[in-house]
Amino acid sequence: MNIQGNEPIHDPNYRYRMPPLVAKKEGGGNGKRTVLVNLQAVAQALDRPSEEILRFLSVEMSCSSKTSKDGALELRGWPESFSCDLQQAIFKYIELFVLCPSCGKPETRYSIISGRDLSLDCAACGAC
């Protein structure tokens, strides 16, 4: 799957790729949870920490999140159409925090300047 924001990229030769997010429902009753099976691989493809993406997903899906003792990343509850909604939330995260606003490539790193402001530095076009 191409690393993209809200606008799809249909280029088969696009070099920025990531695996689609795989989520699995577990538990029942008050113990419902959605385990994000390959969030580590998605985070590695985006070059971002998985805990940061998990936090963003929990805010977007309006649920709490946690990392279990065995290292599984999970959201509390079962969002109604969780596979589609979670993948769309990942695309929104990419749009906001990964893609360069100038060239649209995902070769960015961010840094904190003056305590609270984020600066996104692009390795592809050099924009700051």
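The legends below describe close-up views of a predicted model.

**View 1. The open sheet of 4 strands and its edges.** The strands of this open sheet follow the order 1-2-4-3, and their pairing is antiparallel. Strand 1 (23-26) and strand 3 (65-67) stand at the edges, and because each has a single partner strand, one side of each is left without a neighbour in the sheet. Neighbouring strands of the sheet are turned against each other by 30 degrees on average, when direction is ignored.

**View 2. Strand 3, strand 4 and the helix that packs on the sheet.** Strand 3 pairs with strand 4 (residues 73-76) over 3 bridges, in the antiparallel sense, and within this region lysine 66 stands opposite glutamate 74, which belongs to strand 4. Helix 2 (residues 50-60) packs on the sheet and touches strand 2 (33-36), strand 3 and strand 4, while the direction of helix 2 makes about 10 degrees with that of strand 4.

**View 3. The hairpin of strand 5 and strand 6.** Strand 5 and strand 6 (residues 117-122) are paired over 6 bridges in the antiparallel sense, and the bridge partner of isoleucine 113 in strand 6 is aspartate 117. The hairpin has 3 residues between the strands, and in this hairpin serine 114 takes a positive phi near 50 degrees.

**View 4. Threonine 108 and its surroundings.** Threonine 108 has its place in strand 5 and counts as buried, because its relative accessibility of 3% falls under the 20% cut-off. The side chain of threonine 108 is joined to that of arginine 48 by a polar contact of 2.8 Å, and a polar atom of the threonine 108 side chain also lies 2.4 Å from the backbone oxygen of valine 98. When residues up to four places away in sequence are not counted, threonine 108 touches Arg48, Phe97, Val98, Leu99, Cys100, Leu120, Asp121 and Cys122.

**View 5. Lysine 105 in the loop before strand 5.** Lysine 105 lies in the loop between helix 3 (82-97) and strand 5 (108-113), where it counts as partly exposed, with a relative accessibility of 33%. Leaving aside neighbours within four places in sequence, lysine 105 is in contact with Tyr16, Val98, Leu99, Cys100 and Ala124. The C-alpha atom of lysine 105 is separated by 25 Å from that of serine 58, a residue 47 positions away along the chain.

Note on methods:
Residues are numbered from 1 along each chain as its sequence is written. This is a predicted model: local features need pLDDT of at least 70, side-chain atom pairs count only at pLDDT 80 or more; totals for chains, interfaces and linings use all residues. Side-chain values use heavy atoms; hydrogens and water are left out. Helices (H or I, at least four residues) and strands (E, at least two) are DSSP runs, numbered from the N terminus. Buried means under 20% relative accessible area, exposed over 50%, partly exposed in between (1.4 Å probe, protein chains only). Contact means heavy atoms within 4.5 Å. Two strands pair if DSSP finds at least two bridges between them. Axes are lines fitted to C-alpha atoms, for helices over the stretch in contact, and angles run from 0 to 180 degrees between N-to-C directions. A polar contact is a pair of N or O atoms within 3.5 Å; within protein, one must be able to donate a hydrogen and the other to accept it, and residues adjacent in sequence count only if both atoms are side-chain atoms.
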